[in-house]
Amino acid sequence: MNDNEIVQLYWERDERAISESSDKYGRYCTKIAENILSDHEDARECVNDTWLRAWDSMPPHRPSLLSAFLGKLTRNLSLDRYRMLHREKRGAHNMDLILDELEDCVSGADTPEDTALGNELKEAINAFLRSLPAQKRYLFISRYWSAETISGLAERFQMSENNVSVSLNRIRGSLRAYLNERGYKL
Amino acid sequence: MKSEELFEVLNDIDENEIVKAQEYRAVKKTSLLRWILPAACAAAILIIAAVSPLVSKKFSEDPAADKPTPAGTSDLSVKDGDSSGNTEAAAQITPADTPVITGEYSLPENMSAVMPAYPEPVAAGMEASAFMESDAHWNWWDDYRTKMSSSFGLQSGMEHYYLTMMDQLLIADDENTVISPLNTYIAFAMLAELSDGNTRRQLLDLLGAPDIETLRADVSTLWNGNYVDTPILKSILANSLWLNDTVNYKAAALDTLAKDYYASSFYGDPSTPEMSEALRNWTDQNTGGILGEYVKDMELDPSTVLSIVSTIYYKAMWYDEFNASENTRESFHGTMGDTAVDMMHRSDINEVYRTDAFTAIHLGLNDSGSMYFFLPKEGVDVNSLLTDPDTIKATRTEYMTDDENASTAMVNMSIPKFSISNNSDLTQALKNCGISDIFDPLSSDFSPLTDDRNELYVSKAEHTALVEIDEQGVSGAAFTRVDLSGGAMLPEEEIDLVLDRPFMFMICGRDGSILFAGIVRNIT
């Protein structure tokens, strides 16, 4: 079944939308959740929640890229669960390491919520990513959006793990400089 | 902000990029190591061949008196030919800390040169794959990105010029046509520097510049945003002035061209075979030797007062190479009949730009911009795309996510290997664009060049370009793709794009500059 048909099922409140989504994108969403949670059971629950969240979102949403839409839902749900499970000090899970890495780009201070500023920041980040060579752009996204492990990235990008870490470190540094130049003090 | 919040913000990364990142599979490094041969290779020459005197020149007692000299300048060097009759590589005499990279070429005994220092090659001698993963690449990229973003900001102001030149020079019936819009822009800007009054005004209008100072700054920005010499990418721009050593030139203009346009000045007697030979050598070396067929015919006219030669040499590698073993022999339905061509094939997620007139896709080039392919809809004349404002828009899709003509699809592309070149006489094109004074010795004003202001006119203006694409650098390489999961993310839409009939292309730099544009009508 193609994406448009699946989305249509959601809009028609047909419960087959969930089974079709699960068949087509279950593996993909589970991988994202596992990357963030490092636990299969937790990941499975997040993915189940993904279909329910999708059910609640469509309508009114009609996503053009269903895979990315569902992936984002899983990612958000997994982050929420991660926060719930890791209120204490971080450990050495993949997600702990990712957040440690992202510390390079932020001050750690509380920031007031500002939707307009948030949208501008998102656009600035997208502009920064577009300015990167493709391979480095994909590396960054794979690490900080899909939360892939360093070893997995090394294999997929045909790089040593050290090179992956060094490259990510340089991209984070560049991102921070890029945002600072544009007046964003994260 | 806390890192978790940033992770949350990153949720809104462009969805197309998320899909592409998921689909990305690195090829074996051997393909980069093998990148000795060009994967995409192009070069162009523009010759504003001669600003010639209508009558014989007055000779100066000391013809070299007004030459710019290196005295007091750290970025210029002077080379005199060897009086013993030996020739010597001009590049060797530049200061050690400011090497020129315009290539080593022999300078005959009766010639001299003033040469600006060009940027040093980045990571010279390093293998491409090692460079890609080194700090040197990062250092270069950080610097390049800054230059590129300045140059990117100029592109919208240049679109009118791009379209004008493409319209003037690419329309044809059966011939393949190709030009380098950026190359012509820089050459015309140099001519504007050497002119004044209405002559300059006409050129500024063509170039879309309000005044010469703005144009000078813009060209400098464009030059820096497009000059790249790394183990991965060659985008080499070079300019030269071929000057008659019996004429008094004004130092200020030549200094400006040296400093802001990186123009080397060569002085000699244009009636001698040696000077023409030096011109051919310089041009050949700054176009990677691939325009030999055209360069061999370059001759200076004895009456030449100035010849401007501007070049671009471009060599880049597809971001995802074609696999030669998948090539097939197919028919190309050209305007002069069918021919058999080597068709390269690849399926990839691609941004697709569709209008009622054409379908366009682009293929990324390592560390550079993209090559765009425009296939007209059946029944649409490929020439009509040249005046279609959507063609330029299609090259900006990366930055225009809200354009309704742009979408993402799995594209099964079939692209023929081709090599096309042609030589264009710019005279009529310039006249069609309202440039008249430079051709008229009674109206022209080249006073910034020399005081012989009423006698000079442009006697020749031509442009030669070549573009070829293939899978070199990949063919025969033992590269494999690592097969991981992720296929579920493929976009639903799948289209076939088969370039088996006349099509148009553009090669854009990372900053959006149109480096080359052309129309392939027949492939032999």
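**Strand S10 of chain B and its surroundings**

Me: Which residue in S10(B) is the bridge partner of Trp242(B)?
Reply: Ser307(B) is the bridge partner of Trp242(B). Keep in mind that this is a predicted model.

Me: How do S8(B) and S10(B) pair, and over how many bridges?
Reply: They pair in the antiparallel sense, over ten bridges. S8(B) covers residues 234-244.

Me: How many residues of S10(B) are buried?
Reply: Eleven of the eleven, across residues 306-316. The strand is therefore largely enclosed by the rest of the structure.

Me: Which residues point which way from S10(B)?
Reply: Leu306(B), Ile308(B), Ser310(B), Ile312(B), Tyr314(B) and Ala316(B) point one way. Ser307(B), Val309(B), Thr311(B), Tyr313(B) and Lys315(B) point the other way. Both sets are buried, Lys315(B) included.

Me: Zooming out, how many helices and strands does chain B have?
Reply: Chain B has 14 helices and 20 strands. Of its 524 residues, 50% are buried.

Me: What percentage of the chain B contacts join residues at least 24 apart?
Reply: 75%, taken among contacts between residues at least 6 apart in sequence.

Me: What about H9(B), how far does it reach from first C-alpha to last?
Reply: H9(B) reaches 21 Å with 15 residues, 212-226. That is close to the 21 Å expected at 1.5 Å a residue.

Me: Which of the H9(B) residues are buried?
Reply: Leu215(B), Asp218(B), Val219(B), Leu222(B), Trp223(B), Asn224(B), Gly225(B) and Asn226(B).

Me: And what covers them?
Reply: The cover includes S8(B), which also pairs with S10(B). Helices H5 (135-152), H7 (181-193), H8 (197-207) and H10 (251-261) of chain B are also among what covers the buried residues of H9(B).

Me: Which domains does the assignment give for chain B?
Reply: Domain 1 takes 14-29, 324-417 and 480-520. Domain 2 takes 42-82, 90-123, 164-316 and 420-468.

Me: How many residues does each domain of chain B put into the contact?
Reply: Domain 1 puts in 20 residues and domain 2 puts in 27. On the domain 1 side, strand S20(B), residues 514-520, gives the most, with seven residues. That side divides into ten nonpolar, eight polar and two charged residues.

Me: Switching to chain A, how is that chain divided?
Reply: Into domain 1 (3-85) and domain 2 (94-181). The C-alpha centres of these two domains of chain A lie 23 Å apart.

Me: How many residues of those two domains of chain A are in contact?
Reply: Five residues of domain 1 are in contact with six residues of domain 2. H2(A) gives the most to the domain 1 side, with three residues. By class, that side has three nonpolar, two polar and no charged residues.

Me: What about H4(A), mostly covered or mostly not?
Reply: H4(A) is mostly covered, with 14 of its 20 residues buried. Its end C-alpha atoms are 28 Å apart, which agrees with the 28 Å that its 20 residues should span at 1.5 Å a residue.

Me: Last topic, how many residues does each chain give to the contact between chain A and chain B?
Reply: Chain A gives 50 residues and chain B gives 41. Elements giving two or more residues to the chain A side include helices H2 (16-37), H4 (66-85) and H9 (161-181) of chain A. By class, the chain A side has 21 nonpolar, 16 polar and 13 charged residues.

Key
Residues numbered from 1 in each chain as written. Chains lettered and ligands numbered in written order. Predicted model: local features only at pLDDT ≥ 70, side-chain atom pairs only at ≥ 80, totals over all residues. Helix = DSSP H or I, 4+ residues; strand = E, 2+ residues; numbered from the N terminus. Buried ≥ 20, exposed ≤ 12 C-beta atoms within 10 Å, placed from the backbone. Contact = placed C-beta atoms within 7 Å. Pairing = 2+ DSSP bridges. Nonpolar A, V, L, I, M, F, W, Y, C, P; charged D, E, K, R; others polar. Domains from an automatic or database assignment. Expected span 1.5 Å × (residues − 1).
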